[in-house]
Protein chains: 4
Amino acid sequence: MAAKPVDFTAAAGAIVAAGRKLGALGLTPATSSNFSMRLDNGNLAVTVSGRDKGALTPHDVMVVDMQGEPIGTSAKPSAETLLHTQIYTRFPEANAVLHTHSRAQTVASRLYARAGVIRFEGWYTTHESQLDLPVFANTQQMPELVAKVGAWIDSGKPLYGYLIDGHGIYTWGRDMAETERHVEAFEFLINCELDLRRLKFSTLEAPL
Amino acid sequence: MAAKPVDFTAAAGAIVAAGRKLGALGLTPATSSNFSMRLDNGNLAVTVSGRDKGALTPHDVMVVDMQGEPIGTSAKPSAETLLHTQIYTRFPEANAVLHTHSRAQTVASRLYARAGVIRFEGWYTTHESQLDLPVFANTQQMPELVAKVGAWIDSGKPLYGYLIDGHGIYTWGRDMAETERHVEAFEFLINCELDLRRLKFSTLEAPL
Amino acid sequence: MAAKPVDFTAAAGAIVAAGRKLGALGLTPATSSNFSMRLDNGNLAVTVSGRDKGALTPHDVMVVDMQGEPIGTSAKPSAETLLHTQIYTRFPEANAVLHTHSRAQTVASRLYARAGVIRFEGWYTTHESQLDLPVFANTQQMPELVAKVGAWIDSGKPLYGYLIDGHGIYTWGRDMAETERHVEAFEFLINCELDLRRLKFSTLEAPL
Amino acid sequence: MAAKPVDFTAAAGAIVAAGRKLGALGLTPATSSNFSMRLDNGNLAVTVSGRDKGALTPHDVMVVDMQGEPIGTSAKPSAETLLHTQIYTRFPEANAVLHTHSRAQTVASRLYARAGVIRFEGWYTTHESQLDLPVFANTQQMPELVAKVGAWIDSGKPLYGYLIDGHGIYTWGRDMAETERHVEAFEFLINCELDLRRLKFSTLEAPL
């Protein structure tokens with residue numbers, strides 16, 4: 001898939017395929033998660049609220065404009081659509097957004113909520129020698145969440161994704177394939193970090 | 001599947017399909033677990049005792065009445081059929097019941113048996129900000145177990161499912177699809193809670 | 001499959017199928033594990049030494065007699081064939097034996113080697129309210145191992161399977177299906193026991 | 001596959017197949033990992049840099065000479081090609097090399113980096129009663145890494161594979177099938193060792 005906006009048919013197809021893949025990996029339990037792609041007409045294709053993301057059809061994907069308003073449908077978009085539109089507005093190179101809710105993402109968001117960030121250091125999975133993944137408090141008020149994310153971007157600190165406390169990850173990329181790789185890389189790093197935390201403890205206290 | 005009672009053929013088909021799905025996820029080890037659906041004639045379709053739930057055929061599903069007595073068959077229903085009939089009697093909107101026996105469900109039931117409940121708080125997987133999952137002692141005497149569950153319902157506290165100590169979960173829904181989502185959501189939440197317990201400990205004792 | 005000895009073609013087929021299933025579950029890493037069935041002529045079908053048990057063909061199954069001597073072949077049977085013949089000799093109702101080498105089985109064998117037994121109690125996966133799984137030291141000398149197993153049987157204590165330190169489990173049944181269920185049930189119980197051990201610790205030290 | 005160098009078509013086919021298998025097992029997250037085979041003309045077939053190793057095609061495999069220089073292509077080989085050529089140069093019997101980056105490999109490399117080695121002892125998965133897997137610091141400078149590996153080989157200590165801190169494992173074999181078994185055996189042993197470490201701690205501090 002080219003790193004530019006696509007038409008609705010292509011976007012819906014890519015979203016359905018991503019959902020099947022991520023669902024099979026256990027990253028989208030129950031009706032959690034939401035996905036979107038930037039369309040070539042400036043609008044957004046986004047998943048309809050409340051569907052099983054591992055078993056989507058193109059009918060579970062709808063169009064909203066960059067203000068999050070439904071276009072040509074009475075369906076209800078994901079409650080978190082404004083987090084998607086913010087990403088497309090602030091990152092012009094982003095053409096796909098994935099929000100997943102895996103066990104590791106959800107547990108890590110709880111553990112690092114107070115610190116407000118997970119700092120990945122010493123892993124050579126990505127090209128970054130140090131990578132910060134912020135964890136935002138879950139106010140369940142979209143405008144507040146949007147403001148928190150916006151403040152991080154305004155600060156000039158790099159941002160490749162973020163966690164919401166108790167709720168999972170948001171990440172994005174130039175196309176769906178790159179975005180899926182970002183989900184995969186973050187899922188891997190978070191799991192490694194949690195493992196190290198569990199195991200370092202025994203190192204400190206009871207060296208074998 | 002509509003959120004109303006179905007005929008035996010539809011019920012047996014849904015039970016076989018649910019078993020294949022849940023078995024593949026490792027939620028029904030050996031011959032554990034039992035499943036049922038409410039029938040449109042007021043009876044119940046329930047799995048025959050002792051079968052491998054991941055490889056059911058319609059012949060492994062039988063009919064019992066609301067007192068748990070076999071109808072038109074000499075097969076032996078699950079030993080826990082009275083827990084199923086209780087759910088259908090007390091929750092008129094319930095049309096499907098799933099009892100599974102996953103590793104996380106079974107281990108959590110042991111750990112929280114003394115407390116008598118797992119309180120889920122701070123997870124945004126479901127719409128509930130706080131969710132109590134009771135854990136009932138395993139007397140292996142059905143009438144005692146039925147009385148314990150009944151007392152909880154009589155108390156007016158919400159009930160979406162329950163654990164039996166050393167034995168796994170019971171949950172229900174308006175149709176099989178919703179019930180499968182409830183199993184999936186509880187399985188996810190229990191795993192998250194156990195992970196947090198393992199990891200919070202290291203936080204408290206050895207902050208990294 | 002009937003609960004009685006079968007011919008070589010049926011035995012080889014059941015062994016190949018069991019290997020594919022257990023291999024896919026990760027219970028037979030590298031060239032570990034060995035499987036056998038009792039034949040209707042009083043001999044034994046057993047896996048040839050050193051093969052990948054997840055990708056067996058009937059050519060990887062050979063015949064030995066009840067003394068473990070190859071019949072009609074120059075192939076080398078599993079080094080542990082005498083543990084198989086012992087089981088068939090001491091348990092006349094046993095018609096299939098599976099030895100697997102899963103991570104949980106192997107780790108648990110190390111942890112409980114000194115105690116010499118894992119006692120399962122409070123789990124309602126099997127019909128037994130209490131189940132002892134002995135762990136025998138790994139002398140790598142077959143006659144010594146055979147003597148240890150024999151001494152346990154002679155003591156009159158029930159025996160449904162055993163672990164060898166650092167090496168995995170042996171279990172058996174009346175046919176291959178029952179034996180696969182025994183592997184599955186032990187694998188489940190061992191995993192539950194290890195989870196409880198990890199989690200009980202945090203309970204004792206840092207109740208949440 | 002015979003234990004001798006093969007032609008490019010056979011090598012590319014074996015590399016693509018190994019990638020699909022290892023990717024499905026979660027050993028090659030994102031674009032990590034790299035694979036190679038010795039060719040019958042004295043050169044090397046190696047994966048092109050940056051590709052998803054779980055979804056390779058023969059076009060993602062290129063030829064380099066034993067100095068790591070591309071032959072007949074403008075593609076860029078894996079940044080770590082010199083670690084591959086070193087293995088083929090120092091171990092004449094090696095015809096395939098796999099570098100993977102699993103969660104267990106990566107986490108273990110962090111935990112044992114200071115010790116510089118993981119000593120496997122008491123496991124009967126392999127034929128070795130004791131097995132040392134060195135962990136080399138990740139300088140990200142290939143010549144330094146090559147020198148470290150070379151010094152270990154020069155010391156005369158046996159070497160069947162090695163970890164690079166934060167980065168995963170390198171292992172090799174006489175053909176691709178044997179090399180895949182080595183990856184599988186190391187992955188298994190590393191997971192067992194980490195489990196034991198987690199569980200031994202609770203044994204020492206809180207015997208149950």
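Helix axes here are lines fitted to C-alpha atoms over the stretch in contact, and the angle between two of them runs from 0 to 180 degrees between N-to-C directions. The model is predicted.

**Exercise 1. Describe how helix α2 and helix α4 of chain A pack.**

Step 1. Locate the helices. In chain A, α2 covers residues 81-90 and α4 covers residues 142-154.

Step 2. Read the geometry. The angle is about 25°, and the axes are 10 Å apart.

Step 3. Classify the angle. Angles under 35 degrees count as roughly parallel. Therefore α2(A) is roughly parallel to α4(A).

Step 4. Give the hand. α2(A) and α4(A) cross in a right-handed way.

Step 5. List the contact residues. α2(A) supplies A:Leu82, A:Leu83, A:Gln86 and A:Arg90. From α4(A) come A:Met142, A:Leu145, A:Val146, A:Val149, A:Gly150, A:Ile153 and A:Asp154.

Step 6. Sort them by class. The contact of α2(A) with α4(A) has 7 nonpolar, 2 polar and 2 charged residues.

**Exercise 2. Decide whether A:Leu159 is buried or exposed, and find what A:Leu159 touches.**

Step 1. Place the residue. A:Leu159 sits in the loop between α4 and β7 (161-164) of chain A.

Step 2. Apply the cut-off. Buried means under 20% relative accessible area. A:Leu159 has 7% relative accessibility, so A:Leu159 counts as buried.

Step 3. Collect the contacts. Setting aside residues up to four places away in sequence, A:Leu159 touches A:Phe91, A:Pro134, A:Val149, A:Trp152, A:Ile153 and A:Trp172.

Step 4. Link back to Exercise 1. A:Val149 and A:Ile153 are also among the α4(A) residues that meet α2(A).

Step 5. Compare sequence and space. A:Leu133 is 26 residues from A:Leu159 in sequence, yet their C-alpha atoms are 7.4 Å apart.

**Exercise 3. Do the same for A:Leu131.**

Step 1. Place the residue. A:Leu131 belongs to strand β6 (residues 130-136) of chain A.

Step 2. Judge its exposure. Its relative accessibility is 7%, so A:Leu131 counts as buried.

Step 3. Collect the contacts. Beyond neighbours within four places in sequence, A:Leu131 meets A:Ile118, A:Arg119, A:Phe120, A:Tyr160, A:Phe186 and A:Leu189.

**Exercise 4. Work out which symmetry axis relates chain C to chain B.**

Step 1. Superpose the chains. A turn of 90° with a shift of 0.0 Å along the axis lays chain C on chain B, with an RMSD of 0.0 Å.

Step 2. Name the axis. The relation is therefore that of a four-fold axis.

Step 3. Find the residue of chain C closest to the axis. C:Arg198 has that place, at 5.4 Å (C-alpha).

Step 4. Check the pairs that do not touch. Chain A and chain C make no contact, and their nearest C-alpha atoms are 11 Å apart. Chain B and chain D are not in contact either, with closest C-alpha atoms 11 Å apart.

Methods
Residues numbered from 1 in each chain as written. Chains lettered and ligands numbered in written order. Predicted model: local features only at pLDDT ≥ 70, side-chain atom pairs only at ≥ 80, totals over all residues. Heavy atoms only, no water. Helix = DSSP H or I, 4+ residues; strand = E, 2+ residues; numbered from the N terminus. Parallel < 35°, antiparallel > 145°, perpendicular 65-115°, else oblique. Left-handed = near helix turned anticlockwise from the far one by under 90°. Contact = heavy atoms within 4.5 Å. Nonpolar A, V, L, I, M, F, W, Y, C, P; charged D, E, K, R; others polar. Least-squares fit on C-alpha atoms with pLDDT ≥ 70 in both. Buried < 20%, exposed > 50% of the residue type's maximum accessible area, 1.4 Å probe, protein only.
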